[in-house]
Every structure is written in structure tokens, then in C-alpha cells.
Amino acid sequence: MINVIIKRHKNEYELSMNGHADYSRNGNDIVCASASTIAYTLWGFLENCPEVIDMDTIEREGELEISCTADKTICRTAFYMTAIGLLQLEKAYPQNVSVKVTGF
């Protein structure tokens with residue numbers, strides 16, 4: 001199961017994703033690939049967003065954490081869009097993805 005927590009508190013944002021979907025054991029796990037693509041798109045956006053004041057990331061096998069501080073609405077929108085994408089994935093694969101969103 002991929003567990004995702006997305007939080008917002010004032011101008012601080014955090015995505016924490018860990019686990020494995022275990023949708024397919026043959027190395028072609030479309031659920032894992034989808035969740036990773038959504039999260040890495042957020043990471044890439046934030047790295048190139050001039051409104052980001054401070055950003056930290058942790059990447060390990062089966063784990064990704066992204067946290068940032070930003071004053072602009074565009075970063076809130078980026079995290080919100082990420083949440084929507086992951087919630088859509090959870091809706092399609094509820095046995096493989098769990099998403100919790102707070103502060104939006």
C-alpha cells in the first residue's frame with residue numbers, strides 16, 4: 001500500500017509518500033509508476049518555482065518527502081493539484097493507495 005499525507009499549514013506545505021502499491025509483482029506496477037510520476041512532477045515544479053522560499057526533500061527506497069515554504073498561491077495550487085491526482089489514483093485503486101489531505 002502506498003500511503004500519502006499532504007499537509008498545509010499557513011505557507012508551509014508537505015507531501016509524505018511511502019510504501020509500495022503491490023498492484024503487480026512482475027516489475028510493471030502501473031499504480032506505483034502513476035503515484036511516483038505525480039509526486040516527481042510536484043518536485044520538479046517546486047525546484048523551478050521562484051516563489052519557493054525554502055525546500056527540503058528526502059528520497060529513499062519506497063519513500064519520498066517534500067516540504068517547502070512559499071508565500072504565493074501557485075505553490076498551494078501545485079500541492080492541491082498533486083492531492084487531486086493522488087486522490088483520483090486512490091479512487092481507482094483503493095486497495096493500493098491511501099491519501100490523507102489536511103489544511104486545504
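The following dialogue concerns the cysteines and pockets of a predicted model.

Student: How do you know that cysteine 68 is in no disulfide?

Tutor: The structure holds zero disulfides, and for cysteine 68 the nearest cysteine sulfur, that of cysteine 75, is 5.3 Å away. A disulfide needs two cysteine sulfur atoms within 2.5 Å, so a pair at 5.3 Å does not count as one.

Student: What keeps cysteine 75 from being counted in a disulfide?

Tutor: The cysteine sulfur nearest to that of cysteine 75 belongs to cysteine 49 and is 3.7 Å away; because the cut-off is 2.5 Å, this pair is not a disulfide either.

Student: Why is cysteine 68 called buried?

Tutor: Its relative accessibility is 3%, and because buried means under 20%, cysteine 68 falls in that class. Cysteine 75, at 0%, is buried by the same cut-off of under 20%.

Student: What makes up the lining of the largest pocket, by residue class and by element?

Tutor: The lining of this pocket, whose volume is about 180 Å³, divides into six nonpolar, four polar and four charged residues. Strand 2 (12-19), helix 1 (30-47), strand 3 (52-60) and strand 4 (63-70) each supply at least two of the lining residues, and helix 1 gives the largest share, with four.

Student: Why does the second largest pocket have no charged residues in its lining?

Tutor: The lining consists of Ile38, Thr41, Leu42, Phe45, Ile74, Thr77, Ala78, Met81 and Thr82. Charged residues are Asp, Glu, Lys and Arg, so this list gives six nonpolar, three polar and no charged. Helix 2 gives the most to this lining, with five residues.

Note on methods: Residues numbered from 1 in each chain as written. Predicted model: local features only at pLDDT ≥ 70, side-chain atom pairs only at ≥ 80, totals over all residues. Heavy atoms only, no water. Buried < 20%, exposed > 50% of the residue type's maximum accessible area, 1.4 Å probe, protein only. 1 Å grid on protein atoms, 1.4 Å probe; cavity = no way out; pocket = protein on both sides within 12 Å on 5 of 7 lines; lining within 4 Å. Points joined across faces, edges and corners; volume = space filled by probe spheres on them.
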